[in-house]
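User: Hi, I have a structure open and some quick things to ask. Can we go through it together?
Analyst: Sure, go ahead.

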Amino acid sequence: MSFTTSTYLRRADRDDLDTILSWMEDPDFQRFLYGDAAQSPRQIRERVIQMLGRSPGNIMPSAVYLLIESKENGPLGMISFQNISWRNRSCSIDVYIGDKIRRNSMLVTISVFRALEYAFDELNLHRISALIYAFNRASWRIFEMAGAKRELVLPRHVMREGELYDAYGYGLLRHEFNAIREKHGAVSERFCLESMIAFLSQNLEESP
Amino acid sequence: MIIGTHTVLRFSEPEDAHFYRELYLQGGAKAALLDNRREFGAPTLQEIRELLKKSESTRAFLFTVEDPEGRLRGWCGLRALNIEAAFCELFVVFDAPEEYAGPMADETLDALLDRAFNRLGLQKVLATCLDSEETLHACLLRHGFQSCGVQRDVLYGKEGWRSLDTLALDRATHTSNPATGPGPGATAP
């Protein structure tokens with residue numbers, strides 16, 4: 001699932017344990033996603049091991065964990081599909097970027113977009129849900145850009161630093177994602193490699 | 001036991017498992033009985049008994065609804081308690097959809113809301129219902145719940161896709177609305 005020459009998504013495995021462990025201990029992970037500062041390192045470790053545990057090939061997994069990795073910088077973040085229902089063809093999605101500098105970068109948007117393609121095209125899902133806290137604007141904007149609809153507004157739903165914040169429930173159906181994909185596909189057509197080369201050649205020819 | 005004019009509420013017991021299984025088997029999918037993947041299953045008696053033995057029933061948040069003659073009529077409770085944000089989810093399932101329009105449902109909801117707001121000190125109660133559960137939806141609205149939104153295509157069944165409405169009732173709305181106050185005749189001996 002490569003999306004640039006050097007960055008790709010892959011299934012998380014046991015060798016990623018220490019990386020994921022360090023992310024889950026990050027206060028931002030607990031603030032934006034879940035977890036509790038009171039968890040001991042052993043509890044966090046057990047949770048990660050459970051996440052990375054292998055299931056036999058003939059069992060449909062209830063969760064899929066994808067790592068965003070770059071050749072130069074190693075693992076950058078994680079995208080997880082949880083509560084996968086093969087009957088309803090649905091799941092919920094969580095996204096975490098370990099490097100704070102990259103959290104508002106194009107990398108996140110493209111990673112989420114590619115992960116959604118994987119969920120709809122490869123896993124054949126029909127619906128993807130996300131529960132995102134209102135203060136996490138960067139995250140819910142990305143889901144809106146991918147075509148997700150804000151279906152739920154849960155007032156005063158999550159406590160952070162002694163304050164109660166709203167939470168938003170997003171839903172993205174396969175046909176909505178396809179519509180966005182078509183729209184952006186059309187927009188990006190003129191940005192293809194051939195047109196870039198043609199543009200550069202033209203510039204070179206016109207230059208004195 | 002919480003004894004009302006039309007209803008008797010008592011903590012769930014493993015012996016109620018047969019009745020609860022009937023609730024799963026009859027009358028189609030119910031939001032209250034979906035699992036965390038929003039799947040409507042067909043649990044065995046053993047699985048239901050184990051559920052009843054788990055923490056929520058021992059913490060006394062699961063109740064069986066009986067009519068005054070002692071017949072089992074419904075299952076209800078408070079679950080997914082969030083202490084930090086002071087909310088929980090209320091669920092109620094009756095053996096017949098028409099019960100949601102009657103006094104049995106009103107007394108049951110009054111007792112659950114009293115427990116949530118007055119005994120547990122919560123600030124908000126959530127509830128869910130499928131678009132096929134019109135009588136439950138009307139019952140929740142009657143008790144002051146307001147929709148927080150509808151999640152589309154959540155459940156697939158023989159009738160196609162079903163959507164799920166999530167409703168909320170906050171403490172201020174509950175206390176300010178006389179219709180949502182404690183039901184007449186409800187006593188806890």
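User: How many salt bridges does a search of the whole structure find?
Analyst: It finds 25 over all chains. Keep in mind that this is a predicted model.

User: Why would side chains pair like that?
Analyst: Side chains of opposite charge can pair when their charged atoms come close.

User: OK, which residue forms a salt bridge with A:Glu117?
Analyst: A:Arg181 does. The closest N and O atoms of that pair are 3.5 Å apart.

User: And where do the two sit in the chain?
Analyst: In distant parts of it, 64 residues apart. A:Glu117 is in helix 4 of chain A, residues 106-122. A:Arg181 is in helix 6 of chain A, residues 174-188.

User: New topic. How many salt bridges are there between chain A and chain B?
Analyst: Two. One of them joins A:Glu176 to B:Arg152, with the closest N and O atoms 2.4 Å apart.

User: How many residue pairs are in polar contact there?
Analyst: The count between chain A and chain B is 14, with both residues at pLDDT 80 or more.

User: Which elements of chain A give two or more residues to that side?
Analyst: Strand 3 (74-85), strand 6 (149-160) and strand 7 (163-173). Strand 6 of chain A has the largest share, with 10 residues.

User: What kinds of residues are on that side of chain A?
Analyst: There are 10 nonpolar, seven polar and seven charged.

User: How many residues does each chain put into the contact?
Analyst: Chain A gives 24 and chain B gives 22.

User: What area do they bury?
Analyst: About 2000 Å² between them, with 47% of it on carbon and sulfur atoms. On the chain A side, A:Arg87, A:Asn88 and A:Glu151 supply 29% of the buried area, more than any other three residues.

User: Now pockets. What volume does the second largest pocket have?
Analyst: About 520 Å³.

User: Which lining residues are closest to its centre?
Analyst: Of the 26 that line it, B:Gly27, B:Gly28, B:Ala29, B:Lys30 and B:Ser132.

User: Which elements of chain B supply at least two lining residues each?
Analyst: Strand 5 (87-94), helix 5 (134-142), strand 7 (146-157) and strand 8 (160-170).

User: And by class?
Analyst: The lining of this pocket has 11 nonpolar, seven polar and eight charged residues.

Technical notes: Residues numbered from 1 in each chain as written. Chains lettered and ligands numbered in written order. Predicted model: local features only at pLDDT ≥ 70, side-chain atom pairs only at ≥ 80, totals over all residues. Heavy atoms only, no water. Contact = heavy atoms within 4.5 Å. Buried area = accessible area lost by both parts, 1.4 Å probe. Salt bridge = Lys/Arg side-chain N within 4 Å of Asp/Glu carboxyl O. Polar contact = N/O pair within 3.5 Å; in protein donor to acceptor, adjacent residues only side chain to side chain. Helix = DSSP H or I, 4+ residues; strand = E, 2+ residues; numbered from the N terminus. Nonpolar A, V, L, I, M, F, W, Y, C, P; charged D, E, K, R; others polar. 1 Å grid on protein atoms, 1.4 Å probe; cavity = no way out; pocket = protein on both sides within 12 Å on 5 of 7 lines; lining within 4 Å. Points joined across faces, edges and corners; volume = space filled by probe spheres on them.
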